[in-house]
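Here are a few exercises to work through with the structure open beside you. Try each task before reading its solution.

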Amino acid sequence: MSEAVAGAVAERFEELYGAGPEGVWAAPGRVNLIGEHTDYNDGFVMPFALPHITVAAVSRREDGVLRLHSADIDGGVVELRVDDLAPETDRNWTAYPAGVVWALREAGHPVTGADVHLTSTVPSGAGLSSSAALEVVVALALNDLYELGLKGWQLARLCQRAENVYVGAPTGIMDQTASACCEAGHALFLDTRDLSQKQIPFDLAAEGMRLLVVDTQVKHAHSDGEYGKRRAGCEKGAALLGVDALRDVPYDGLDAALDRLGDEEEVRRLVRHVVTEDERVERVVSLLESGDTRAIGPVLVEGHASLRDDFRISCPELDLVVDTALGAGALGARMTGGGFGGSAIVLAEAADVDTIAKAVQEAFAAADFTAPRVFEAVPAAGARRLS
Ligand code: GLA
């Protein structure tokens, strides 16, 4: 399957640029099982890669020219000069791949140009990290072609820098690390402080369960601003508590920390979410490691309530997925990703999945919401070379 994809993408590259590519790479989107809005607080996350991938055919250039083309976006080949790349000058999709080239060069890596053709099956604006997939596939291709010798986590850091500084979106490190480092059949337990990682086997089918992703199709226009506000609120909380990051507030010291925050009601809610969410990640890891997979369901539901009530980043569509799925017999459900729309995940017995999916579709129709896109997610491979 990946050979056929690589062949088709290479063929299109040749049509565009007049010669075949030096190679073809892929990087996946992700869902996050648990650990939301913890990554920019130096905390824990647990994403896994989706089978949906962004594919890049790439060749080096030595003349300082960067040519970018996407099969998914009208607009033809965009031609840039690597010397001219500068943060926050590009508001288009090209900012992501160009930002990666900029970040690599800023870090002293001798990238002298490239021809790039991209295509993606990662739904965009669905909270499934299409941006990270786009960044990581370009970073991996250039790492291989220019023989930079960077590891997955190092590429993730450079991609995050591209997104934070070049694109101007204040995201954490989860999505890029997930895309770069996940392994098939596993969820990635990641400590975002030092990027230490543990691959946790996550084979639901073997245990008679399945996990659905429900893309609500809601794309919030103000999500970037709201994301930044939550992040600033968390940083304020850490400063008021005298810690480097909220990760340093121990779970058993939460009540005392909340007392110290006095009447800072909004900050108290943000702190409570982050500290309890880190504990939920650790709980999910130990349940999975002890083979008690079904018991993670209620932890996912707790996580959703915390994001809805304390962090306040859910929306009616996400809440409807969770409530309907649980009402139809799901083991657990929660919103996943940044919030304000995007996707939810539903953990269920394999035998109940069709009933649950139908119930969600019907509830959306009854509420007059746009029909959601529902698909099953099986943990897939991280970024890799296809040919
Ligand atoms: C977005 C960001 C991530 C992370 C999540 C919330 O996906 O890109 O860094 O903060 O939101 O967990």
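**Exercise 1. Work out the strand order of the six-stranded sheet and find its edges.**

Please keep in mind that this is a predicted model.

Step 1. Tracing the neighbours across this open sheet of 6 strands gives the order β5-β4-β6-β3-β1-β13, and the pairing is mixed.

Step 2. Next, look for strands that pair on one side only: these are β5 (78–81) and β13 (384–385), the edge strands.

Step 3. Zoom in on the β13 edge. β1 and β13 run antiparallel and are joined by 2 bridges. Here R385 of β13 stands opposite W25.

**Exercise 2. Do the same for the sheet of 3 strands.**

Step 1. The order is β2-β7-β8, an open sheet with antiparallel pairing.

Step 2. β2 and β8 (196–201) each pair on one side only, which makes them the edge strands.

Step 3. Follow the pairing of β7 with β8: it is antiparallel and extends over 6 bridges. As a landmark, find H186, whose bridge partner in β8 is P201.

**Exercise 3. Describe how domain 1 and domain 2 meet.**

Step 1. Set the bounds. The domain assignment gives domain 1 as 2–199 + 381–385 and domain 2 as 204–376. Domain 1 is thus written as two segments of the chain.

Step 2. Place the domains. Their centres, taken over C-alpha atoms, are separated by 26 Å.

Step 3. Count the residues in contact: 33 from domain 1 and 42 from domain 2.

Step 4. Turn to area. The size of an interface is often given as the accessible area lost when the parts come together. For domain 1 and domain 2 the buried area is about 3000 Å², with carbon and sulfur atoms giving 62% of it.

Step 5. Add the polar side of the picture. The interface has 20 residue pairs in polar contact, both residues being at pLDDT 80 or more. On the side of domain 1 that touches domain 2, the elements giving two or more residues are β1 (23–32), β2 (44–45), β3 (47–60) and β7 (186–191). By class, that side of domain 1 has 14 nonpolar, 12 polar and 7 charged residues.

**Exercise 4. How many salt bridges are found in the whole structure, and how many across the interface of domain 1 and domain 2?**

Step 1. Recall the principle: side chains of opposite charge can pair when their charged atoms come close.

Step 2. Searching the whole structure yields 29 salt bridges. One of them joins E106 and R161, with the closest N and O atoms 3.0 Å apart. This pair links distant parts of the chain, 55 residues apart: E106 is in helix α2 (residues 95–106) and R161 in helix α4 (residues 152–167).

Step 3. Across the interface of domain 1 and domain 2, the count is 4.

Step 4. For one more pair to inspect, go to E36 and R334, a salt bridge whose closest N and O atoms are 2.5 Å apart.

Notes
Residues are numbered from 1 along each chain as its sequence is written. This is a predicted model: local features need pLDDT of at least 70, side-chain atom pairs count only at pLDDT 80 or more; totals for chains, interfaces and linings use all residues. Side-chain values use heavy atoms; hydrogens and water are left out. Domain bounds come from an automatic or database domain assignment. Contact means heavy atoms within 4.5 Å. Buried area is the accessible area (1.4 Å probe) that two parts lose on being put together, summed over both. A salt bridge is a side-chain nitrogen of Lys or Arg within 4 Å of a carboxyl oxygen of Asp or Glu. A polar contact is a pair of N or O atoms within 3.5 Å; within protein, one must be able to donate a hydrogen and the other to accept it, and residues adjacent in sequence count only if both atoms are side-chain atoms. Helices (H or I, at least four residues) and strands (E, at least two) are DSSP runs, numbered from the N terminus. Ala, Val, Leu, Ile, Met, Phe, Trp, Tyr, Cys and Pro count as nonpolar, Asp, Glu, Lys and Arg as charged, and the others, Gly among them, as polar. Two strands pair if DSSP finds at least two bridges between them.
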